[in-house]
Amino acid sequence: MNALLQSLTLSGWSPDRWQRSSLLLRLTFGSLSNWRRGSVLMSASEPVGMAIVAIVLAVAPFVPTALVGVLLMCCIAFFGLLTLSDTTRFFLTPIHCLVLLYWAVSSVAMGFSPVREAAFSGWVKLTLYLGLFFLAARALRKSRLRAWAIGVALLVALVTSVYGIQQSIVGVEQLATWTDPNSSSADATRIYSYLGNPNLFGGYLIAATFFSASACLAWRRIMPKLLAIVMLLVNTAALAMTYSRGAWLGLVAGGFVFTLLLVWWWSDRLPPKLRPWAVPGMLAVSAAAVLFAAVAVPPIRNRIGSIFVGRGDSSNNFRINVWAAVLDMIRDRPILGIGPGNDAFNKVYPLYMRPKYSALSAYSVLLEVTVEAGVLGLFSFLWLLGVVAYQGDAQLRRLRSLATSDGYWLIAALASVAGIMAHGTFDTVFYRPPIQTLWWFVLAVVASFYVPVQVREANS
């Protein structure tokens, strides 16, 4: 059983051994090393890479998709330069392998798509986002650079949250499609900041909330710590004011993971008699807090209650009809789907849609992955999530043994993965640039902590 787990999680895989035996890598890896030694730009390659990643995170909530695409092309170009001029090792991780597998399956799905031109557009977008992942995972291996990139993302989120809260105070135009007009929360002001949609804004703030919570613990000086506390309070308040049920679910799911890992991280500081009760106690307190909020706070009670009324809520009814059509699409093309991207979806979905229920996507990440790349794509995506969780746990154990505050960033990243996926299970905003850039950045943060098992054993 243990051997099977190691095989599935690639925990015994050696990137160094693979790199030495790969003919393609030997021909390309380090081929520009002589040029790099004389280049002023490449002498600071990792800070430059971090800066490019930070710029993408900084502008994604504010600029058109086309400009984000140009910046993502810069990520791919600079990562290519790093690869061709690098002389170090270990830039690949098990997470990279599963990301490449998912990309490969999506590429095959694009090739067999019934709407190949539209699927090619989606494939290009996916490839661009993966460029951000590869550059960030490569450039953020150093603790200081990782902290700077996270700091930029937090400052940008703070700006969006402050503007969102201002919208709540002064009022802002509401669209009827955001809330069932017959519900008790129909008159609530849902904020959306610069992102134009409260569900999108809520999903964007999930990662910011957990990273700001970790900043409260990781930043040591008084002023940065006070800033982190302000960030946590403002981001959490703004997320609550979006009245996005999906974002609230993401906050609960991610908060559960964050608290669980944090209690485990601190458990060795407790008296020996209390350590066995730390995690069960946390579970009980968390469940009680969620139950209390769901029962005692009217806005939360109303929004959560609308989840369980089925088709009685117009938003629920819309999603149920879209899901039914998507399942029909999957049934007709179960192996490789229709090809990646919203353009391919928009070409095929009208053939299956229920009357009056047009949609731009499947309103569920798992359904979207399946309809785009079939069961093979779903398998590779779930495998990627499993490897991210396993490798995150392995590196967190290593960081705990070193007693380094970097572990707080990894805890926030793992909680963000859980929160974004919980939100994406019932919503469509996962594929919008502000969240897609954050998603691949968060996975890159987890990958940046990777240390091969052979190196860990040699250093132990």
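**Local environments and helix packing**

In the predicted model, Val172 is partly exposed, with a relative accessible area of 22%. Val172 is found in the loop between α9 and α10, the latter helix spanning residues 198-218. When residues up to four places away in sequence are not counted, Val172 touches Gln167, Thr189, Arg190 and Tyr192. One of these partners, Thr189, is 17 residues from Val172 along the chain, and the C-alpha atoms of the two residues are separated by 7.3 Å.

The chain as a whole contains 20 helices and zero strands. Of its 460 residues, 52% count as buried. Among the contacts with a separation of 6 or more, 78% are accounted for by residues 24 or more positions apart.

Helix α9 (residues 143-170) takes part in a packing with helix α5 (residues 45-59), in which the two axes come within 9 Å and cross at roughly 15°. Because angles under 35 degrees count as roughly parallel, this crossing makes α5 roughly parallel to α9. The crossing of α5 and α9 is right-handed. On the α5 side the contact is made by Glu46, Pro47, Met50, Ala54, Leu57 and Ala58, while α9 contributes Leu145, Trp148, Ala149, Val152, Ala153 and Val156. Divided by class, the contact of α5 with α9 has eleven nonpolar residues, no polar residues and one charged residue.

A second packing involves helix α6 (residues 65-85) and helix α8 (residues 116-139), whose axes come within 8 Å and cross at roughly 50°. With this angle, α6 and α8 are oblique to each other, and their crossing is left-handed. From α6, the residues that make the contact are Gly69, Leu72, Met73, Cys75, Ile76, Phe78, Phe79 and Leu82, and from α8 they are Thr127, Leu128, Tyr129, Gly131, Leu132, Phe134, Leu135 and Arg138. The contact of α6 with α8 comprises twelve nonpolar, three polar and one charged residues.

Cys75, listed among the α6 residues in contact with α8, is also relevant to the question of disulfides. The count of disulfides comes to zero. Cys74 is in no disulfide, and the nearest cysteine sulfur to that of Cys74 belongs to Cys75, 7.1 Å away. Because a disulfide requires a pair of cysteine sulfur atoms within 2.5 Å, the distance of 7.1 Å from the sulfur of Cys75 to its closest cysteine sulfur, in Cys74, is too far for a bond. In terms of accessibility, Cys74 counts as partly exposed at 35% relative accessibility, whereas Cys75 is buried, with a relative accessible area of 0%.

Further along the chain, helix α15 (residues 314-332) holds Ala325, a residue that counts as buried at 0% relative accessibility. With neighbours within four places in sequence left aside, Ala325 is in contact with Tyr349, Tyr352, Met353 and Arg354. Met353 is 28 residues from Ala325 along the chain, and the C-alpha atoms of these two residues are separated by 5.4 Å.

Helix α15 also packs with α17, at an angle of about 30° and with the axes 9 Å apart. At this angle α15 and α17 are roughly parallel to each other, and α15 passes α17 in a left-handed crossing. The residues that make the contact are Trp323, Val326, Leu327, Met329 and Ile330 of α15, together with Leu367, Thr370 and Val371 of α17. By class, the contact of α15 with α17 divides into seven nonpolar residues, one polar residue and no charged residues.

Backbone torsions in two loops were also examined. Lys356 is placed in the loop between α16 (342-348) and α17 (365-402), where its phi is near 75°, a positive value in a residue other than glycine. Lys356 is exposed, with a relative accessible area of 81%. Tyr243 lies in the loop between α11 (222-241) and α12 (245-266), and the phi of Tyr243 is near 55°, likewise a positive value in a residue other than glycine.

Note on methods. Residues numbered from 1 in each chain as written. Predicted model: local features only at pLDDT ≥ 70, side-chain atom pairs only at ≥ 80, totals over all residues. Heavy atoms only, no water. Axes fitted to C-alpha atoms, helices over the stretch in contact; angles between N-to-C directions. Helix = DSSP H or I, 4+ residues; strand = E, 2+ residues; numbered from the N terminus. Parallel < 35°, antiparallel > 145°, perpendicular 65-115°, else oblique. Left-handed = near helix turned anticlockwise from the far one by under 90°. Contact = heavy atoms within 4.5 Å. Nonpolar A, V, L, I, M, F, W, Y, C, P; charged D, E, K, R; others polar. Buried < 20%, exposed > 50% of the residue type's maximum accessible area, 1.4 Å probe, protein only.
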